[in-house]
Amino acid sequence: MQTSFTPDQLRDPAITAADEILRKCVHCGFCTATCPTYVLLGDENDSPRGRIYLIKDMLENDRPASDAVTRHVDRCLSCLSCMTTCPSGVNYMHLVDVGRQRIARTGRRSAADRLLRWLLARVLPSPERFRLALLGARMARPFAAFLPGRLKALVKLVPPAARTAILEPRVFPAEGVRRRRVALLAGCVQQVLDAEINAATIRLLTKHGCEVVVAEGAGCCGALAYHLGREEEALAGVRSNVRAWIRERTARGLDAIVINASGCGTMVKDYGFLLRNDPELAPGAAEVSALARDVTEVLAAVGLKAAVAGAGTTVAYHDACSLQHGQGVREAPRLLLQGAGFEVRDVPEGHLCCGSAGTYNILQPELATRLRDRKAANVDGVGADVVAAGNIGCILQLAPAIGRPLVHTVQLLDWATGGPRPRVLDQANWLN
Amino acid sequence: MPRVVIPVRCVKTDMRMPVPDTPTIARRQQIVGALRRIVPDGVIADEAAMRPYECDGLAVYRQIPLVVVLPSTVEQVSAILRYCNANNVKIVPRGAGTSLSGGALPLADAVTIGLGRFNRILEIDWDNRCVVAQPGVTNLAITNAVQHRGFYYAPDPSSQIACSIGGNVAENAGGVHCLKYGLTTNNVLGLQIVLPDGEVVRVGGRHQPEGEGYDLMGLLTGSEGLLGIVTEVTVRILRKPETVRAMLMGFASNEAAGDAVAAIIGAGVVPAGLEMMDRLAIHAAEEFVHAGYPLDVEALLIAELDGPQAEVDYLVERVAAIAARCGAACVRVSASEDERLRFWAGRKAAFPAVGRISPDYLCMDGTIPRRRLAEVLARIRALSEKHGLRVANVFHAGDGNLHPLILFDANRPGELERAEEFGADILRLCVEVGGVLTGEHGVGVEKRDLMPVMFDEVDLEQQQRVKCAFDAGGLLNPGKVFPTLHNCAEMGRLRVSGGQLPFPDLPRF
Ligand SMILES: Cc1cc2nc3c(=O)[nH]c(=O)nc-3n(C[C@H](O)[C@H](O)[C@H](O)COP(=O)(O)OP(=O)(O)OC[C@H]3O[C@@H](n4cnc5c(N)ncnc54)[C@H](O)[C@@H]3O)c2cc1C
Ligand code: SF4
Ligand code: SF4
């Protein structure tokens with residue numbers, strides 16, 4: 001597509017990046033039909049091609065973000081379905097981030113909106129702060145009905161009970177011969193809301209010969225703040241993670257950085273790009289991205305032990321967008337589950353987002369709920385015993401709407417290879 | 001009557017649209033208000049939000065519309081048309097905006113009606129083997145809705161993932177499987193359309209039309225949004241053939257591949273699809289889908305054979321033997337359904353995949369006699385050198401429909417003009433070898449001014465009489481298809497009562 005940036009504008013690296021991306025878009029429209037918001041709303045402005053156009057217009061003319069750009073870019077889930085579809089290789093992810101930063105700087109938002117965004121960006125990435133906030137929210141739950149729209153959405157998302165366990169930096173030795181040494185991103189929201197996921201991941205990795213280390217100084221991946229357009233805040237976290245992992249790698253060696261929340265995985269795999277102009281950390285960030293793996297990628301590489309439980313259980317596998325579109329990981333989880341003796345079923349419209357999308361379900365509750373209900377109907381229609389997904393966000397989003405237990409893929413794999421049976425299976429008394 | 005023209009904000013150099021009507025533009029607020037009353041939550045009047053509507057798949061022509069409206073019910077469409085008809089406001093229908101001929105290009109004085117909200121499948125009638133869909137449903141969604149019971153919708157434009165069934169009807173879209181299963185027109189059974197005065201009518205039904213009376217379905221299919229707005233489509237679905245195999249055949253030259261096409265068809269084999277791509281297109285597509293295309297060949301043929309197992313086995317062998325005789329460097333037959341779909345995925349993504357190797361391209365659409373294929377490709381190569389621009393060829397080889405993609409960089413001054421000249425040379429070449437200027441992408445604005453090359457004055461006037469019978473006021477999608485729009489009264493179609501035309505102040509161009 002034709003672009004018209006001045007040489008002056010192109011001196012900004014963000015604009016150069018945007019220009020390169022825009023040049024690749026040939027305006028074919030293939031991406032519109034696989035975009036969840038276009039499917040729901042039928043407006044070109046709510047399609048990837050439309051958003052690309054809106055962002056292009058804003059950047060080229062150096063305009064402050066119009067209400068239209070803000071509204072339609074805010075509605076974007078960053079599910080990246082458009083990138084899977086695009087034959088031309090348009091990197092929508094990087095473009096929309098440039099757009100979001102410009103909107104954060106120049107757009108008009110209501111005070112309430114700004115406050116909510118600030119709150120999310122401050123609280124969620126910190127497990128401690130988030131745990132306190134949760135206590136508050138849980139107390140507010142009975143009053144949810146009286147809260148205004150988006151606060152209600154926030155409070156309602158909080159599960160009634162969560163098993164919190166915040167991982168301290170330490171090493172979990174491999175069982176038997178050590179085959180790999182991996183760093184685990186402990187995550188922020190996930191460990192507060194469902195500690196079982198990290199516990200199952202560590203059991204699974206160690207029993208497959210991986211030494212797992214939670215590196216000193218590594219924290220939230222930065223995605224939440226980054227997608228809220230808060231670049232500086234996010235990049236500060238990114239830098240300390242890069243330093244932490246590079247330190248660990250230099251001192252004791254690392255074969256991979258393992259991530260079990262795919263939203264974070266997409267982000268870590270992008271560190272190399274995000275810090276590409278950082279004089280000090282660019283090479284380290286590129287190295288971190290090259291080492292980053294979803295937990296199922298690592299397991300597929302080391303090979304799964306023979307299964308001892310779970311055989312014959314039917315599993316509806318829900319593709320988290322960050323895993324399928326963000327990282328292109330579709331086969332590994334399916335093959336692992338199949339290899340462990342589960343009967344894996346695909347969910348119709350699997351490419352469409354469930355509406356979780358980081359903080360989307362809090363900021364855009366109406367669209368998020370429509371997507372959730374659509375996804376829930378598709379998942380339930382499959383009629384499986386249990387649903388597996390590779391991302392905590394999807395699990396929290398779908399749990400209240402789906403009529404069957406929902407677990408992280410690693411929990412099933414752990415169970416199949418000798419670990420405890422996921423508790424939700426018993427609670428729901430689904431399998432006898 | 002000479003056409004009065006002014007340039008709109010079109011990058012393309014020689015394309016002119018009708019002069020926008022200033023009084024209409026002056027009434028904009030009033031029109032927006034009226035549309036808001038009809039579709040309270042679906043009017044886009046903000047300039048920033050209208051910009052994404054300024055073009056379709058042919059992005060070199062751009063124009064911000066007067067206003068965009070997104071109705072979601074037939075009643076709303078009807079009310080909008082009634083209002084526009086009564087108030088003399090022009091209308092441009094828009095489906096998914098994938099047209100490559102600028103069919104959905106807005107006008108500065110026209111309402112763009114987007115049908116994106118009409119995206120539900122209304123009924124699957126298994127007994128009559130048809131699907132009733134709203135016009136905004138994508139082509140692929142129809143197949144997706146019926147494939148679990150072994151059915152599919154045959155016409156499959158490469159844009160099928162996104163293009164709407166309403167847009168397919170409007171453009172009479174074709175696809176890689178049209179060689180055996182026909183174009184849209186051969187697969188549509190019934191339509192509901194809203195006429196320019198707001199009247200809602202049904203044409204056809206759920207069965208193959210009887211051979212009596214006017215073939216209105218045939219007339220409406222391919223009418224490019226000039227006769228009415230399609231609000232419901234009934235299409236025939238087919239049972240999937242028992243066996244389907246696709247084959248890749250690589251050749252060291254375009255000539256050899258062209259010979260193979262002629263030999264396959266000459267031998268009486270009717271493949272379900274027979275497509276050709278040249279080196280540039282192969283490389284771009286392979287990079288996106290990793291279909292396993294051979295990268296060391298100059299031309300690639302993809303053939304599909306379907307039917308009962310025994311027949312397919314036999315035909316695959318025959319086609320492979322013909323290819324070998326024509327010097328094929330490699331032949332690969334799909335071993336699974338997944339692999340077959342991958343073979344096609346590359347071909348279907350070929351146009352936009354070219355975006356990987358060039359920031360812009362012009363997609364041409366001409367038809368030539370099959371036997372002249374090798375010669376035409378050689379001459380296109382020579383033209384490519386003459387104009388100093390690369391060209392990637394993608395070709396519905398089976399039915400002679402050629403899509404050369406002229407690669408250029410719109411950011412470099414002068415390249416677009418060179419690309420356009422190159423394009424015109426290609427189309428002239430098509431005509432010279434006995435072909436025609438259009439394949440399947442429609443006339444739109446892209447080929448509008450070339451219509452007189454194909455049709456004489458009498459043909460064109462006759463075609464416009466049809467237009468007048470439906471849309472005497474010339475309000476639906478004006479400036480498209482016809483190079484010169486005569487006013488209907490002039491052609492004796494309008495009754496002039498008391499010396500007064502029905503719309504005396506209607507600007508006619
Ligand atoms: C990469 C690519 C590949 C393509 N491959 C093919 C191919 O293989 N074969 C092929 O035939 N075409 C192909 N096309 C062209 C295009 O996809 C088709 O012409 C398609 O039918 C257009 O549908 P649409 O919904 O996008 O319509 P639009 O582009 O929105 O509109 C096209 C025309 O139809 C009219 N229209 C749309 N909807 C309605 C309606 N409901 N009622 C009345 N008029 C309406 C518009 O006014 C306009 O004139 C391709 C396009 C692209 C970008
Ligand atoms: S699919 Fe890619 S090239 Fe086509 S419009 Fe979307 S982003 Fe642009
Ligand atoms: S990221 Fe998802 S929601 Fe955003 S434009 Fe792409 S497909 Fe649509």
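1. In this predicted model, two helices of chain A, α3 (48-60) and α5 (81-85), each supply at least two residues of the shell around ligand 3. That shell consists of A:Cys35, A:Pro36, A:Pro48, A:Arg51, A:Cys76, A:Leu77, A:Ser78, A:Cys79, A:Leu80, A:Ser81, A:Cys82 and A:Tyr92. By class, 9 of these residues are nonpolar, 2 are polar and 1 is charged.

2. A:Arg51, one of the residues around ligand 3, also forms a salt bridge with A:Asp46, with an N to O distance of 3.7 Å. Both A:Asp46 and A:Arg51 are buried.

3. Ligand 2 is surrounded by 13 residues, and A:Cys25, A:Cys28, A:Gly29, A:Cys31 and A:Cys86 are the closest. The shell around ligand 2 divides into 9 nonpolar, 3 polar and 1 charged residues.

4. Over all chains, the structure holds 0 disulfides. For B:Cys55, the closest cysteine sulfur belongs to A:Cys25 and is 9.3 Å away, too far for a bond, because a disulfide requires sulfur atoms within 2.5 Å. B:Cys55 is buried, at 0% relative accessibility. For B:Cys330, the closest cysteine sulfur is that of B:Cys326, at 14 Å, again too far for a bond. B:Cys330 is partly exposed, with a relative accessible area of 29%.

5. Which side chain of opposite charge is nearest to the buried B:Glu224? It is B:Lys447, 7.3 Å away, and B:Glu224 has no salt bridge. B:Glu224 is located in the loop between α8 (216-220) and β12 (229-236) of chain B. Its side chain does reach the backbone nitrogen of B:Val443, at 2.6 Å.

6. The structure holds 62 salt bridges over all chains. One of them pairs B:Glu123 with B:Arg206 at 2.7 Å, N to O. B:Glu123 lies in strand β7 (residues 121-125) of chain B and B:Arg206 in the loop between β11 (200-204) and α8 of chain B, so this pair ties together parts that are 83 residues apart in sequence. B:Glu123 is partly exposed at 33% relative accessibility, and B:Arg206 is partly exposed at 28%.

7. A further salt bridge joins B:Glu375 and B:Arg372, whose closest N and O atoms are 2.7 Å apart. B:Glu375 is partly exposed, with a relative accessible area of 33%, and B:Arg372 is partly exposed, with 24%. Elsewhere, salt bridges with shared partners join A:Asp57, A:Arg63, B:Glu47, B:Arg51, B:Glu54 and B:Arg62 into one network.

Terms used:
Residues are numbered from 1 along each chain as its sequence is written. Chains are lettered from A and ligands numbered from 1 in the order in which they are written. This is a predicted model: local features need pLDDT of at least 70, side-chain atom pairs count only at pLDDT 80 or more; totals for chains, interfaces and linings use all residues. Side-chain values use heavy atoms; hydrogens and water are left out. A residue is near a molecule or strand if one of its heavy atoms lies within 4 Å of it. Ala, Val, Leu, Ile, Met, Phe, Trp, Tyr, Cys and Pro count as nonpolar, Asp, Glu, Lys and Arg as charged, and the others, Gly among them, as polar. Buried means under 20% relative accessible area, exposed over 50%, partly exposed in between (1.4 Å probe, protein chains only). Helices (H or I, at least four residues) and strands (E, at least two) are DSSP runs, numbered from the N terminus. Lys and Arg count as positive and Asp and Glu as negative; His and the chain ends are not counted. A salt bridge is a side-chain nitrogen of Lys or Arg within 4 Å of a carboxyl oxygen of Asp or Glu. A polar contact is a pair of N or O atoms within 3.5 Å; within protein, one must be able to donate a hydrogen and the other to accept it, and residues adjacent in sequence count only if both atoms are side-chain atoms.
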